[in-house]
Amino acid sequence: MSDRTLTDPKVIDGKAFAAKLREKIARQVKALKEQHGITPGLAVVLVGEDPASKVYVRNKGEQTKESGMASFEHKLPTTTTQAELLALIDQPNKDPKVNGILCQLPVPKQIDPQAIINAIDPDKDVDGFHVVNAGRLATGGQGLVPCTPYGCLLLLKDRLGDLAGKHAVVIGRSNIVGKPMAQLLLNESCTVTIAHSRTRDLPAEVRRADIVVAAVGRPEMVKGDWLKPGATVIDVGTNRIMGEGGNSHLAGDVDFASASAVAGAITPVRGGVGPMTIACLIRNTMVSAARREGYELAEGL
C-alpha cells in the first residue's frame with residue numbers, strides 16, 4: 001500500500017490486523033505450552049517448483065515459527081506420484097506432534113488435488129477444504145474454516161461490529177472462498193446473495209449490498225458505480241496483469257480507484273486480505289491443538 005492509502009480511514013489495513021492476530025495467537029501458544037506442555041505443529045507439503053508456491057510456503061514457515069509453533073516442511077519433486085504423496089500425507093496424519101496439515105496447491109497434473117485433500121485428517125485440515133469440514137460449516141458444526149473467508153469475516157466484524165441483518169453479496173462460488181464465505185455470513189445472520197458469471201444484471205445485485213465480497217478472479221470487474229454508497233468492500237482478487245515492456249502489476253477484482261470513492265470501507269490489493277490468510281492458517285493450527293486438549297481459547301480467535 002502507498003503512504004496515502006495507509007492514512008485513508010476508508011482503507012481496511014489487513015496487514016496491521018493480521019499482525020495483531022498473530023500476537024494473540026503467540027500468547028495462546030505460550031499458554032498451551034505452559035499449561036499443557038503442547039507445542040502446536042504445522043506440516044506443509046510442497047510438490048514441485050512453482051515460484052509463487054515456494055514463496056508462500058516459506059512465509060508460512062517463518063510465521064509459524066514466529067508464533068512459537070513447530071514447523072515441518074516436506075518438499076517433493078515435480079515427478080512425485082499420487083501414491084507417493086498419499087503415503088507422505090499419512091505420516092503427519094498419525095504424528096501427534098502435528099496439529100495442522102496442508103498440501104500447497106496447485107499440485108502437478110498427475111495428482112488429483114481432491115484426493116489429497118480428502119486424505120488429510122479433517123481435524124488437522126487447516127485449509128478447511130475437506131468435505132467433512134465443509135459439512136460442519138454448512139450445518140453449524142465445529143470444524144476448521146477455510147482461511148481466506150475467515151480472514152475476511154474477521155476484517156468485516158472489526159470494521160462493522162455486529163453483522164446481523166446486513167445484506168451481503170458474495171461474487172464467486174468457489175469451494176475455497178465463495179461458498180464458505182456465504183456460509184460464514186449466514187452464520188452471522190446476514191442476508192446473503194451468491195452471485196457468479198451467470199447472474200443476471202450483476203451490477204444491480206451488487207448495488208443492493210451493505211457488504212460486497214469479490215472473489216471471482218476477474219481484474220477490476222467491480223466498478224464504483226456498482227456499489228451502494230457506504231458499502232463495505234472486501235476484495236479477495238489477486239490478478240497479475242502484464243503491461244508494456246513485460247512489466248506487470250497486481251489488480252484486485254474491484255476497481256479500487258472508482259470503488260474507494262463510493263465505499264464506506266474497502267480492502268486494498270496489497271495489505272488487504274492476503275496477510276489474513278496466513279494468519280488464519282496459523283490460527284487454525286492452534287485451534288486444532290487446543291481442541292485436542294480441551295483448552296478454551298481467548299475470545300476473538
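Student: Where should I start with this predicted model? What span should the 23 residues of helix α2 have?

Tutor: Use the rise per residue. At 1.5 Å a residue, α2 (residues 14-36) should span 33 Å. Its end C-alpha atoms are 32 Å apart, which agrees.

Student: How do I read the ends of α2? What caps its N-terminal end?

Tutor: Look for a side chain reaching a backbone nitrogen. Here Asp-13 is the cap of α2. One of its side-chain oxygens lies 3.2 Å from the backbone nitrogen of Lys-15. At the other end, Gly-37 follows the helix. The phi of Gly-37 is positive, near 65°.

Student: Which residues of α2 are buried?

Tutor: Buried means under 20% relative accessible area. In α2 that picks out Gly-14, Phe-17, Ala-18, Leu-21, Ile-25, Gln-28, Val-29, Ala-31 and Leu-32. Their cover includes α7 (147-160) and α11 (274-293).

Student: On to the sheets. In what order do the three strands of the open sheet lie?

Tutor: Read the order across the sheet, not along the chain. Here it is β2-β1-β3, with parallel pairing. β2 (70-76) and β3 (100-103) are the edge strands. Each has a single partner, so one side of each has no neighbour in the sheet. From one strand to the next, the twist averages 15°.

Student: How many bridges join β1 to β2?

Tutor: Seven bridges link strand β1 (residues 41-47) with β2, and the two run parallel. For a landmark, find Ala-43 opposite Phe-72 in β2.

Student: Which helix lies across β1, β2 and β3?

Tutor: Helix α3 (residues 51-66) does. It runs at about 160° to β2.

Student: Thr-80 caught my eye. Is it buried or exposed?

Tutor: Compare its accessibility with the cut-off. Thr-80 has 3% relative accessibility, so it counts as buried. It sits in the loop between β2 and α4 (82-94). Beyond its neighbours within four places in sequence, Thr-80 contacts Val-47, Leu-85, Gln-110 and Ile-111.

Student: What is the order of the five strands in the other open sheet?

Tutor: It is β5-β4-β6-β7-β10, and the pairing is parallel. The edges are β5 (191-195) and β10 (265-266). Each pairs with a single strand, so one side of each is left without a neighbour in the sheet.

Student: How does β6 pair with its partners?

Tutor: Take one partner at a time. Four bridges join β4 to β6, in parallel. Val-170 has Val-213 of β6 as its bridge partner. β6 also pairs in the parallel sense with strand β7 (residues 232-235), over four bridges. There Ala-214 stands opposite Asp-235.

Student: Which way do the side chains of β6 point?

Tutor: In a regular strand the side chains alternate between the two faces of the sheet. In β6, Ile-211 and Val-213 point one way. Val-212 and Ala-214 point the other way. All four are buried.

Student: Which helices lie across β6?

Tutor: Two examples will do. α7 lies across β6, β7 and β10, at about 160° to β7. α8 (178-187) lies across β4, β5 and β6, at about 170° to β4.

Student: Now the interior. Which residues touch the most other members of the largest nonpolar core?

Tutor: Nonpolar side chains tend to be buried together in soluble globular proteins. The largest nonpolar core here has 52 residues. Leu-21, Ile-25, Leu-185, Ile-234 and Met-276 touch the most other members. At least two residues each come from α2, β1, α7, β4 (167-171), α8, β6 (211-214) and α11. The largest share, ten residues, is from α11.

Student: What does Leu-185 contact?

Tutor: Set aside its neighbours within four places in sequence. Leu-185 then contacts Leu-153, Leu-156, Leu-163, Ala-168, Val-170, Cys-190 and Val-192. Apart from this core lies another of 17 residues, including Ala-195, Leu-202, Val-206 and Ala-209.

Student: One last residue. Where is Ile-194, and what does it touch?

Tutor: Ile-194 is in strand β5. Its relative accessible area is 36%, so it is partly exposed. Not counting residues up to four places away in sequence, Ile-194 touches Val-170, Gly-172, Arg-173 and Ala-182. Met-181 is 13 residues away from Ile-194 along the chain, and their C-alpha atoms are separated by 9.5 Å.

How values were computed:
Residues are numbered from 1 along each chain as its sequence is written. This is a predicted model: local features need pLDDT of at least 70, side-chain atom pairs count only at pLDDT 80 or more; totals for chains, interfaces and linings use all residues. Side-chain values use heavy atoms; hydrogens and water are left out. The expected span of a helix is 1.5 Å times one less than its number of residues. Buried means under 20% relative accessible area, exposed over 50%, partly exposed in between (1.4 Å probe, protein chains only). Contact means heavy atoms within 4.5 Å. A polar contact is a pair of N or O atoms within 3.5 Å; within protein, one must be able to donate a hydrogen and the other to accept it, and residues adjacent in sequence count only if both atoms are side-chain atoms. Two strands pair if DSSP finds at least two bridges between them. Axes are lines fitted to C-alpha atoms, for helices over the stretch in contact, and angles run from 0 to 180 degrees between N-to-C directions. A nonpolar core is a set of buried Ala, Val, Leu, Ile, Met, Phe, Trp, Tyr and Cys residues joined through side-chain atoms within 4.5 Å.
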